[in-house]
Amino acid sequence: MRFFVSYSHSCLKQKALSLSKNLNLELFDHFKIDDIASFSNDYFLVCTSERLILKKGLKKNLKPIFSNFDDWATNYNDELLKKALKGLPKQFSCLDVTAGFGKDSLEISKLNHCRSITLLEKASWMYSLLEDGLENVYSGEAKQLTKKFSLRNTDNLTFLNSSKKKYDLIYIDPMFYGVQKSKAKKHMQALRDLSSDEAQKGLLRESLNCAKFRVIVKRHKHMSYLDDEAPTRSIKGKVVRFDIYNII
Ligand SMILES: C[S@@+](CC[C@H](N)C(=O)[O-])C[C@H]1O[C@@H](n2cnc3c(N)ncnc32)[C@H](O)[C@@H]1O
């Protein structure tokens with residue numbers, strides 16, 4: 001599997017070139033390639049006239065992968081996560097230390113008493129997609145929610161170690177390695193394929209030090225507790241489990 005930056009129209013070549021340099025990924029000029037099928041397992045960050053998208057392979061009919069805040073604002077509802085969020089204080093602040101596409105952060109932002117969410121994302125290519133998703137929000141609903149967001153392209157442990165601020169809620173969604181690989185949705189499958197398989201020791205401890213009220217960890221239902229630390233309680237769904245660590 002390889003990972004390239006590409007573009008949908010020749011007028012976007014300079015933009016793609018600059019992105020490829022920033023992300024240290026090879027620029028791919030598919031206008032010169034005949035054998036599109038031989039790239040079906042490779043990933044492409046494509047600069048299009050509308051937005052930045054991620055694609056696996058180069059076939060035209062493939063669904064683009066991106067932070068689709070407009071769709072998620074109205075057509076997505078994570079009841080299990082909502083249960084895990086019950087009882088948070090008024091005007092709570094949240095730190096999402098594993099932002100990814102920002103879908104879970106958007107869900108958290110739907111609570112009226114959520115004041116702000118800081119999203120941390122280490123992988124620069126993912127951060128570019130997230131940032132671009134935010135810049136291209138057009139619906140009123142999604143604009144209302146994402147105005148609570150502030151993004152940081154940084155390593156979460158580095159951030160937590162140096163943070164002077166505490167957050168009411170810290171949300172952690174580490175990658176699910178070794179479970180249900182074939183059933184992952186395309187966004188999560190792409191993240192798994194493109195991320196390095198590294199467990200982060202100490203993330204829970206640092207999060208507990210930096211949280212005022214609660215830490216929530218999303219796990220696959222068959223996974224052990226993060227850092228082997230038992231939560232205050234868990235909420236289980238068909239596939240995932242939310243481990244809730246209450247501070248007070
Ligand atoms: C399972 S995904 C999170 C998905 C996210 N909850 C969503 O709704 O899209 C985990 C994310 O954490 C990011 N990540 C991994 N290690 C990190 C680190 N040390 N600091 C910040 N982000 C990290 C990965 O790049 C990946 O995007």
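Domain bounds here come from an automatic or database domain assignment. The model is predicted.

**Exercise 1. Domains**

Find how far apart the centres of domain 1 and domain 2 are, and describe the side of domain 1 that touches domain 2.

Solution.
Step 1. Take the bounds: domain 1 covers residues 3-56 and domain 2 covers residues 70-246.
Step 2. Take the centres over C-alpha atoms; 28 Å separate the centre of domain 1 from that of domain 2.
Step 3. Count the contacts: nine residues of domain 1 are in contact with nine residues of domain 2.
Step 4. Assign the domain 1 side to its elements. H1, E3 and E4 each supply at least two residues, and E4 gives the largest share, with three residues.
Step 5. Sort this side of domain 1 by class: seven residues are nonpolar, none is polar and two are charged.

**Exercise 2. The sheet**

State the order of the four strands in the open sheet, and say which are the edge strands.

Solution.
Step 1. Recall that strands of a sheet pair through backbone hydrogen bonds, either parallel or antiparallel.
Step 2. Read the order, which is E2-E1-E3-E4, with mixed pairing.
Step 3. Look for strands that pair on one side only: these are E2 and E4 (52-56), the edge strands.
Step 4. Examine one pair. E3 (residues 43-47) runs antiparallel to E4, with five bridges between them. Leu-45 has Leu-54 in E4 as its bridge partner.
Step 5. Add the helix: H1 lies across E1 (3-7), E2 and E3, and runs at about 160° to E1.

**Exercise 3. Positive phi**

Determine where Asn-24 lies and whether Asn-24 is buried or exposed.

Solution.
Step 1. Recall that most residues other than glycine have a negative phi.
Step 2. Compare Asn-24, which is not a glycine but has a positive phi of about 60°.
Step 3. Locate Asn-24 in the loop between helix H1 (13-23) and strand E2 (26-27).
Step 4. Apply the cut-off of 12 or fewer C-beta neighbours within 10 Å. Asn-24 has 9 inside 10 Å, so Asn-24 counts as exposed.
Step 5. Repeat for Gln-91. Its phi is near 55°, also a positive value, and Gln-91 sits in the loop between helix H3 (79-84) and strand E5 (92-96). Gln-91 counts as exposed because it has 11 C-beta neighbours inside 10 Å.

**Exercise 4. The ligand shell**

Name the residues that come nearest to the ligand, and sort the shell by class.

Solution.
Step 1. Of the 18 residues around the ligand, the nearest are Thr-98, Gly-100, Lys-103, Lys-122 and Asn-156.
Step 2. The shell has six nonpolar, six polar and six charged residues.

Note on methods:
Residues are numbered from 1 along each chain as its sequence is written. This is a predicted model: local features need pLDDT of at least 70, side-chain atom pairs count only at pLDDT 80 or more; totals for chains, interfaces and linings use all residues. A residue is buried if 20 or more other C-beta atoms lie within 10 Å of its own, exposed if 12 or fewer, and partly exposed in between; C-beta atoms are placed from the backbone. A residue is near a molecule or strand if its C-beta atom, placed from the backbone, lies within 6 Å of it. Ala, Val, Leu, Ile, Met, Phe, Trp, Tyr, Cys and Pro count as nonpolar, Asp, Glu, Lys and Arg as charged, and the others, Gly among them, as polar. Two strands pair if DSSP finds at least two bridges between them. Two residues are in contact if their C-beta atoms, placed from the backbone, lie within 7 Å. Axes are lines fitted to C-alpha atoms, for helices over the stretch in contact, and angles run from 0 to 180 degrees between N-to-C directions.
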